[in-house]
Amino acid sequence: MKNLIIRGLSKTYLDPYAGAHVTAIADVSLEVVQGEFVSIVGPSGCGKSTLLNMIAGFIPPSRGEILLDGRSVKGPGPDRGVVFQSFALFPWKTVLGNVTFGPKMRGVPREERERIGREYLGLVGLAGAAGRYPAELSGGMQQRVGVARALANSPDLLLMDEPFASVDAQTRMTLQEELTRIWQERRPTILFVTHDVEEAVFLANRVIVLSSAPGRVLAELPVPLPRPRVWAPLVEDRDFKALVARVLGMVRPA
Ligand SMILES: Nc1ncnc2c1ncn2[C@@H]1O[C@H](COP(=O)(O)OP(=O)(O)OP(=O)(O)O)[C@@H](O)[C@H]1O
Ligand SMILES: [Mg+2]
């Protein structure tokens, strides 16, 4: 069980070049409950990655608190899985070796971790690529390995920072559909950061809209669209389009 509560979170960086302080995130409060799929959307530079990095425990907040099941986040932990835009696979390990790395570090016996690894590779449609090396895969396939690797640790909370931003539009749509399917099957708690409003609405049960820098919570909108979510019908769906237009209006005020 993992509930995430964030209260009054702020982050100020010292810009070493300008010698000035930059407030990336200002007084953000939000809650995510077990099994939710929440998107966070906001304009470039509003502090989305900063927010996710603080939840991951990679950087400390300047003010406020992050509670996971009531316990303050002090650093990274296996209870949180991360998939970032520019994540690195281990180039010297096979696809299966990459996906089973986390379980291996946790001392899961070989047979068991390979079973887990193959299961998640199957889930992202890469059952046949287990023995290949990252350099032999397309960008979209590497991205899938990254998702499988994060899932193989069975994290309570999956933190995703624009994980599909660097793949072509068609592959991105496939990955988005796959992620919603995996979420429906496994129900991990997912916090998904993006500046792509359609992506945010397509994926989530709830969209949190951040303001331009420094990021503050502008709005939270439920996404009552039915699942499974598939692009072909949804792009034409009136409710989907209305929600996207509403969020766009907030992200890019006229
Ligand atoms: N390590 C750092 N040192 C100084 N300033 C930083 C650092 N990291 C981020 N910033 C600044 O904080 C602000 C928010 O950056 P952040 O990367 O969190 O935004 P973002 O919403 O993820 O943007 P994007 O959509 O482009 O990924 C920016 O002004 C950025 O320059
Ligand atoms: Mg970012």
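The following paragraphs describe the fold, the domains, the ligand shell and the unusual backbone geometry of a predicted model.

The protein contains nine helices and ten strands. Its C-alpha atoms fill a box of roughly 50 × 45 × 35 Å along the principal axes. The radius of gyration is 18 Å. A compact globule of 254 residues would have a value near 18 Å, so the two agree.

Two domains are assigned. Domain 1 is made of three segments, 33-59, 70-79 and 158-254. Domain 2 covers residues 89-154. The centres of the two domains, taken over C-alpha atoms, are separated by 24 Å. Eleven residues of domain 1 and twelve residues of domain 2 take part in the contact between them. On the side of domain 1, helix α6 (residues 169-186) gives the most, with five residues. That side of domain 1 has eight nonpolar residues, two polar residues and one charged residue.

An open sheet is built from four strands in the order β2-β1-β4-β5, with antiparallel pairing. Strands β2 and β5 (71-72) stand at its edges. Each has a single partner strand, so one side of each is left without a neighbour in the sheet. Strands β1 and β2 run antiparallel and are joined by nine bridges. D15 stands opposite A20 in β2. Helix α1 packs on this sheet and touches β1, β2 and β4 (63-68). The direction of α1 makes about 65° with that of β2. In a regular strand, side chains alternate between the two faces of the sheet.

Ligand 1 is surrounded by 14 residues. The closest are Y13, A24, K48, S49 and T50. Three elements give two or more residues each to the shell: β1 (4-15), β2 (20-32) and α1 (48-56). Helix α1 provides the largest share, three residues. Elements of the ligand shell thus recur in the sheet region: β1 and β2 are paired strands, and α1 packs on the sheet. By class, the shell has five nonpolar, seven polar and two charged residues.

A further strand pair lies later in the chain. Strand β9 (residues 206-210) and strand β10 (residues 217-222) pair in the antiparallel sense over five bridges. The two strands form a hairpin, with six residues between them. V207 has L221 of β10 as its bridge partner.

Several backbone features stand apart from the general pattern. Most residues other than glycine have a negative phi, and most peptide bonds are trans. D27 is not a glycine, yet its phi is positive, at about 55°. This residue, D27, is found in strand β2, an edge strand of the open sheet. The peptide bond from A213 to P214 is cis, with omega near -10°. P214 is found in the loop between β9 and β10, the two strands of the hairpin. The peptide bond from R227 to P228 is also cis, with omega near 0°. P228 is found in the loop between β10 and α8 (231-234). Strand β10 is therefore followed by a loop that holds P228 and preceded by one that holds P214.

Notes
Residues numbered from 1 in each chain as written. Chains lettered and ligands numbered in written order. Predicted model: local features only at pLDDT ≥ 70, side-chain atom pairs only at ≥ 80, totals over all residues. Near = placed C-beta within 6 Å. Nonpolar A, V, L, I, M, F, W, Y, C, P; charged D, E, K, R; others polar. Pairing = 2+ DSSP bridges. Domains from an automatic or database assignment. Contact = placed C-beta atoms within 7 Å. Axes fitted to C-alpha atoms, helices over the stretch in contact; angles between N-to-C directions. Rg over C-alpha atoms; globule rule 2.2 N^0.38 Å.
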